There are 2 protein chains.
Amino acid sequence: MEDTQQQKDELYMRKALAEAEVAYNAGEIPVGAVIVCNDKIISRAHNLTETLHDVTAHAEMQAITSAADNLGGKYLTDCTIYVTVEPCVMCAGAIGWAQIKRVVYGAGDEKRGFVRFAPAALHPKATVTAGVLEDECRRLMQEFFRSRR
Amino acid sequence: MEDTQQQKDELYMRKALAEAEVAYNAGEIPVGAVIVCNDKIISRAHNLTETLHDVTAHAEMQAITSAADNLGGKYLTDCTIYVTVEPCVMCAGAIGWAQIKRVVYGAGDEKRGFVRFAPAALHPKATVTAGVLEDECRRLMQEFFRSRR
């Protein structure tokens, strides 16, 4: 029996969570992302802003650059991006430029998320699914910030 | 006699325009940017999205990454970014994360610009100056798109 979309979404979000855990263990804000095209992961990345001293090194940005490199073109029209935390304005803008058709995220981000601050950033035909493995994604962020206090 | 702020702004915008011309000659959408800190240019960049097959390779993104590398820290709190065209949502998000305190741009961009699509993307204390060498910045864009028809 084939997996339902929800099962697939949870499967890929677990891969994004594994990336977020790598970030956590490196002292980075724990956000991870994977990009999927035709049921295949074509890139995976985690936040590296501290390691690279670069505010643009969010998980999504690196996943997009790497996926385009993998596909050999800059548009990711048939792809879905899975990210553990709601993309910020910068990342949503990049997701829009790349014409990614579906965005799936775990925990929301009221302070920086695109849903509130740049609601028209994505491609007009893109769809958004929020809250996949939300508790696990949020817990990892909360543990990180608690350990930093 | 010391230069006025307007004279300085035009001087630095000319440097950004020179970068945009490099992009133009390489077949890239002609946008250039420079970042200035204490009256010194610390980075200059132009759009490279076609060359790199990477939607994230806007002039501003590269200028930010390079300026942070130059300063040795990821925040550009005392810097001004000069860019020939109004930053898009992605770039405005990056400018916000970098805490750049002043944004100066030439031509507006009604279709993609942050002023309309992500008005709260910049740092809350950042200031914006629009329209510096606006005609020249716009003309370069128009010539590019005319030549592509």
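Select A:Gln99 to begin: this residue follows helix 4 of chain A, and its phi is positive, near 60 degrees. Helices here (H or I, at least four residues) and strands (E, at least two) are DSSP runs, numbered from the N terminus.

A word on what is on screen. This is a predicted model, in which local features need pLDDT of at least 70 and side-chain atom pairs count only at pLDDT 80 or more, while totals for chains, interfaces and linings use all residues. Residues are numbered from 1 along each chain as its sequence is written, chains are lettered from A and ligands numbered from 1 in the order in which they are written, and side-chain values use heavy atoms, with hydrogens and water left out.

**Stop 1: helix 4 of chain A**

Now select residues 89-97 of chain A, which form helix 4. How many of its nine residues are buried? Eight of them are, so helix 4 is largely enclosed by the rest of the structure. Buried means under 20% relative accessible area, exposed means over 50%, and partly exposed is in between (1.4 Å probe, protein chains only). The buried residues are A:Val89, A:Met90, A:Cys91, A:Ala92, A:Gly93, A:Ala94, A:Ile95 and A:Gly96.

To see what covers them, show both chains. From chain A, the cover includes helix 3, strand 3 (79-85), strand 4 (102-107) and helix 5 (114-117). Chain B joins in with its helix 3 (59-71) and helix 4 (89-97).

**Stop 2: the annotated binding site**

Stay with A:Cys91 and add A:His58 and A:Cys88: UniProt lists these three for "binding site" in an unreviewed entry. They are spread over 34 residues of sequence but cluster in space, with a largest C-alpha distance of 9.3 Å. UniProt positions are given in the numbering used here, feature names are shortened, and annotations may be inferred rather than shown by experiment.

Zoom in on A:His58, in the loop between helix 2 (49-52) and helix 3 (59-71) of chain A. A:His58 counts as buried because its relative accessibility is 14%. Contact means heavy atoms within 4.5 Å. Not counting residues up to four places away in sequence, A:His58 touches A:Asn47, A:Thr49, A:Cys88, A:Met90, A:Cys91 and, from the other chain, B:Trp97.

Is A:Cys91 buried or exposed? A:Cys91 is buried, with a relative accessible area of 0%. Leaving out residues up to four places away in sequence, A:Cys91 touches A:His58, A:Glu60 and A:Met61.

**Stop 3: where the chains meet**

Colour the two chains differently and look along their border. There, 25 residues of chain A are in contact with 25 residues of chain B. Together the chains bury about 2,200 Å², 69% of it on carbon and sulfur atoms. Buried area is the accessible area (1.4 Å probe) that two parts lose on being put together, summed over both. Highlight A:Val55, A:Lys74 and A:Trp97: they supply 33% of the area that chain A buries against chain B, more than any other three residues.

Next, pick A:Lys74 and B:Glu50, whose side chains meet in a salt bridge (2.7 Å, N to O). A salt bridge is a side-chain nitrogen of Lys or Arg within 4 Å of a carboxyl oxygen of Asp or Glu. The rule finds two salt bridges across this interface.

Helix 2, helix 3 and helix 4 of chain A are the elements that each give two or more residues to the side of chain A that touches chain B. Which element gives the most? Helix 4 does, with five residues.

**Stop 4: salt bridges across the sequence**

Zoom out: the whole structure holds 10 salt bridges over all chains. Select A:Arg102 and A:Asp9, whose closest N and O atoms are 2.6 Å apart in a salt bridge. This pair links distant parts of the chain, with A:Arg102 in strand 4 and A:Asp9 in helix 1 (residues 5-25), 93 residues apart. Both A:Arg102 and A:Asp9 are buried.

Then try A:Arg14 and A:Glu136, a salt bridge with its closest N and O atoms 2.8 Å apart. A:Arg14 is in helix 1 and A:Glu136 in helix 6 (residues 134-148) of chain A, 122 residues apart. A:Arg14 counts as partly exposed at 43% relative accessibility, and A:Glu136 counts as partly exposed at 30%.

For a last selection, move to chain B, where the side chains of B:Glu136 and B:Arg14 meet in a salt bridge (2.9 Å, N to O).
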